[in-house]
Amino acid sequence: MPATIPIRYVEPVFRPPSEAQSLILPVTDGCSWNECTFCTMYEGPQKAFRARTEDEVLASIRHTGERYGDQIRRVFLADGDALVLPTRRLLAILAAIREHMPAVHRVSSYCLARNLKKKTVAELVQLREAGLAMVYLGAESGDDAVLAKVNKGETCATTVDALTKLGAAGITRSVMILNGLGGQVLSEQHADNSARLANATQPEYLSTLVVSFPQGEARFRAGFPEWEPLGQHGLFVEMERFLSQLELKRTVFRSDHASNWLVLKGTLGADKARLLAQIRSAIAAPDAAHLRPAWARGL
């Protein structure tokens, strides 16, 4: 698909790695919460949160469809939390995608747990039937102390509630946990309670990233002054603790983001023993210097 499409983008634009081939369709700008201290994705003034007008979004869909409608197979609704929009507006967007981009077989978006508090399961079923197939929810942690330290604005219970609603509606859920988010002091409870969250919700996809601060740690440390980062070994130990407690039935697991030191891929629970063997081998290795994060390996 040509790079020039009739959609107004506000840089930088973010999307999950698995949406690399998707049309990115902004329906909001920024993030409606934007208070998490570990996240700088939407800090720029140009990314101040706003819902795009319905006229602009529908016109973007119509004009893009006129040019490339038969080439587009997937659509990702941006920016940080498209499901903050009222159900009526989301249904209008999904209807326009069906009309003007008939080849689309999957629509997805990011989702904050808080966005689902006012949406019923029946509304979510409507959205799924209209084409919303998958959402990406950054749980970050299942531990309430960690979530409070990083100003996530959620608890384990509110995240479980949101994921349970989505599951009941038949919407595929991709959940992300941040390896190392609790630092040294909260590492064990971060691993334990993150596993508890995953077990309680049985998401279809589960991934881990390593927490990082490309723009510095000052904002993060202001609310979590005792935080000290885990080294490579500590990250592996935390991951082993997390994996060992997972009791998942049919969850696709990925730990292959550019931030991860060790690539882990499999289905849980079928591949649990293999994945644990991999991470335990890495922990036991006398010299793990050959292990480098994926970005350093050109992945």
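Colleague: How many cavities of 30 Å³ or more are there, and what makes a space a cavity here?

Modeller: In this predicted model the count comes to three cavities of 30 Å³ or more. A space is called a cavity because a 1.4 Å probe fits there but cannot get out.

Colleague: How much space lies in the largest cavity?

Modeller: The largest cavity holds about 80 Å³ of space.

Colleague: Which residues line the largest cavity, and what makes a residue part of the lining?

Modeller: A lining residue has an atom within 4 Å of a cavity point. Asn179, Val210, Leu235, Phe236, Met239, Ser255, Asn260, Trp261, Leu262, Leu264 and Ile279 line the largest cavity. Helix 8, residues 232–245, gives the most to this lining, with three residues.

Colleague: How do the residues of that lining divide into nonpolar, polar and charged?

Modeller: The lining of the largest cavity has eight nonpolar residues, three polar and no charged. Leu235 and Trp261 are among the lining residues, and Leu and Trp count as nonpolar. Asn179 and Ser255 also line the cavity; Asn and Ser are not on the nonpolar or charged lists, so they count as polar.

Colleague: What lines the second largest cavity?

Modeller: That cavity has about 50 Å³ of space. Its lining is made up of Ile177, Leu178, Asn179, His190, Ala191, Ser194, Thr208, Glu238, Met239 and Phe242. Strand 7 (172–179), helix 6 (187–201) and helix 8 each supply at least two of these residues.

Colleague: How many residues of the second lining are charged?

Modeller: One is charged, beside five nonpolar and four polar. Glu238 is in that lining, and Glu counts as charged.

Colleague: Why is the protein called as compact as a globular protein of its length?

Modeller: The protein has nine helices and 10 strands. Its radius of gyration is 20 Å, and the globule rule gives 19 Å for 299 residues; the two values are close, so the protein is as compact as a globular protein of that length. Along the principal axes, the C-alpha trace spans about 60 × 40 × 40 Å.

Colleague: Why does Ala82 count as buried?

Modeller: Buried means under 20% relative accessible area. Ala82 has 0% relative accessibility, so it counts as buried. Of the 299 residues of the protein, 49% count as buried.

Colleague: Where does Ala82 lie, and what does Ala82 touch?

Modeller: Ala82 is in the loop between strand 4 (74–78) and helix 2 (87–100). Not counting residues up to four places away in sequence, Ala82 touches Val27, Leu77, Leu90, Ser109 and Tyr110. Ala82 and Cys111 are 29 residues apart in sequence, with 6.6 Å from C-alpha to C-alpha.

Technical notes. Residues numbered from 1 in each chain as written. Predicted model: local features only at pLDDT ≥ 70, side-chain atom pairs only at ≥ 80, totals over all residues. Heavy atoms only, no water. 1 Å grid on protein atoms, 1.4 Å probe; cavity = no way out; pocket = protein on both sides within 12 Å on 5 of 7 lines; lining within 4 Å. Points joined across faces, edges and corners; volume = space filled by probe spheres on them. Helix = DSSP H or I, 4+ residues; strand = E, 2+ residues; numbered from the N terminus. Rg over C-alpha atoms; globule rule 2.2 N^0.38 Å. Buried < 20%, exposed > 50% of the residue type's maximum accessible area, 1.4 Å probe, protein only. Contact = heavy atoms within 4.5 Å.
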